[in-house]
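Take a look at the ligand site in the model below. Start from the ligand and work outward.

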Amino acid sequence: MAEEVVVLGLWSSMIAMRTRVALAEKGVEYEYREEDLRNKTSLLLEMNPIHKKIPVLIHNGKPVCESANIVQYIDEAWKDKGPALLPSDPYERAQARFWVDYIDKNLYEAGKNIWSTKGEEQEAAKKIFLEILKLLEGELGDKTYFGGESFGFVDINLVTFHCWFFTYETIGNFSIEAVCPTLIAWCKRCMQKERVSRILPDPRKVYDKCLFLQKYYGVP
Ligand code: GS8
């Protein structure tokens with residue numbers, strides 16, 4: 001029986017994009033359904049009744065929720081397809097999960113604070129955002145990818161933020177590359193992978209969406 005794989009997502013969500021990058025890495029075909037978060041489909045509410053959030057991966061009718069959990073599930077469910085996304089060594093796996101948890105607990109909010117605040121608050125947000133990236137850059141060190149020679153779990157969960165960097169930099173009037181050149185070189189390396197770049201949207205389109213969000217939320 002053919003597998004049925006459906007992704008519920010939102011084109012501008014760096015969190016949702018993770019699912020599609022992971023499926024692309026594994027070479028898994030899927031049906032993509034765009035959600036309108038102001039008018040969620042009954043399928044989304046049924047498949048993620050606890051959080052009611054995207055992304056959701058629906059594999060043969062069964063939902064998997066929470067983006068990092070989904071990426072790990074994809075690695076395990078299609079372990080014989082494409083490259084392994086998580087390391088096989090338990091300690092290295094734990095370390096990879098640690099860094100993704102760190103990204104999840106810090107980076108999204110720090111980025112959002114850059115476009116949703118002004119003045120001193122925005123300056124503080126920029127500082128925090130760069131501190132987080134600098135720490136991640138230290139973890140990358142001189143490796144090609146966070147996963148060493150291969151593009152893996154941490155890379156997937158972080159690289160999707162790249163399409164928002166132009167927005168943060170333009171609204172915050174600062175340069176990420178000036179502070180984190182090694183991390184930006186890693187971004188460029190990842191973006192050379194067609195399986196990544198074809199999923200991430202045009203940064204200018206993200207910027208326009210963010211200007212809309214600023215109006216929507218009444219950011220002065
Ligand atoms: C976060 C998902 C999320 O915030 C994960 O999957 O990793 N921890 C979760 N999804 C947002 C869109 S991304 O900004 C969402 O679906 N929001 C809808 C809502 O809050 O109603």
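The paragraphs below go from the ligand to its pocket, and then to the backbone of one loop.

This is a predicted model. Begin with the ligand. Which residues surround the ligand? They are Ser 13, Ile 15, Leu 37, Lys 40, Lys 53, Ile 54, Pro 55, Glu 66, Ser 67 and Tyr 108. Sorted by class, this shell holds five nonpolar residues, two polar ones and three charged ones.

Now turn to the polar contacts. Ser 67 uses its side chain: an N or O atom there is 2.6 Å from an oxygen atom of the ligand. Tyr 108 also takes part through its side chain, where an N or O atom is 2.9 Å from a ligand oxygen. Ile 54 takes part through its backbone. One of its backbone N or O atoms lies 2.9 Å from a nitrogen atom of the ligand. How much of the ligand does the protein bury? The ligand taken alone exposes 530 Å², and the protein buries 73% of that area.

Step back to the pocket. The ligand sits in the largest one. The volume of this largest pocket is about 1100 Å³. Its lining counts 31 residues, and the closest to the pocket centre are Leu 10, Ser 13, Leu 37, Ile 54 and Tyr 108. Which elements give two or more residues to this lining? They are the helices α1 (14–26), α4 (90–116), α7 (162–172) and α11 (203–216). By class, the lining of the largest pocket has 15 nonpolar, four polar and twelve charged residues. Ser 13, Leu 37, Ile 54 and Tyr 108 are named among the residues around the ligand, and they are also among those closest to the pocket centre.

Finally, follow the backbone next to the ligand. Ile 54 and Pro 55 both belong to the ligand shell. Is the peptide bond from Ile 54 to Pro 55 cis or trans? It is cis, with omega near 5 degrees. Pro 55 has its place in the loop between α2 (42–47) and β3 (56–59). Lys 52 is found in that loop between α2 and β3 as well. Lys 52 is not a glycine, yet its phi is positive, at about 60 degrees. So the loop between α2 and β3 carries a cis peptide bond leading into Pro 55, and Lys 52 with its positive phi.

Conventions:
Residues numbered from 1 in each chain as written. Predicted model: local features only at pLDDT ≥ 70, side-chain atom pairs only at ≥ 80, totals over all residues. Heavy atoms only, no water. Near = heavy atom within 4 Å. Polar contact = N/O pair within 3.5 Å; in protein donor to acceptor, adjacent residues only side chain to side chain. Areas by Shrake-Rupley, 256 points an atom, 1.4 Å probe, with all protein chains shown as cover. 1 Å grid on protein atoms, 1.4 Å probe; cavity = no way out; pocket = protein on both sides within 12 Å on 5 of 7 lines; lining within 4 Å. Sits in = over half its atoms within 2 Å of the grid points. Nonpolar A, V, L, I, M, F, W, Y, C, P; charged D, E, K, R; others polar. Points joined across faces, edges and corners; volume = space filled by probe spheres on them. Helix = DSSP H or I, 4+ residues; strand = E, 2+ residues; numbered from the N terminus.
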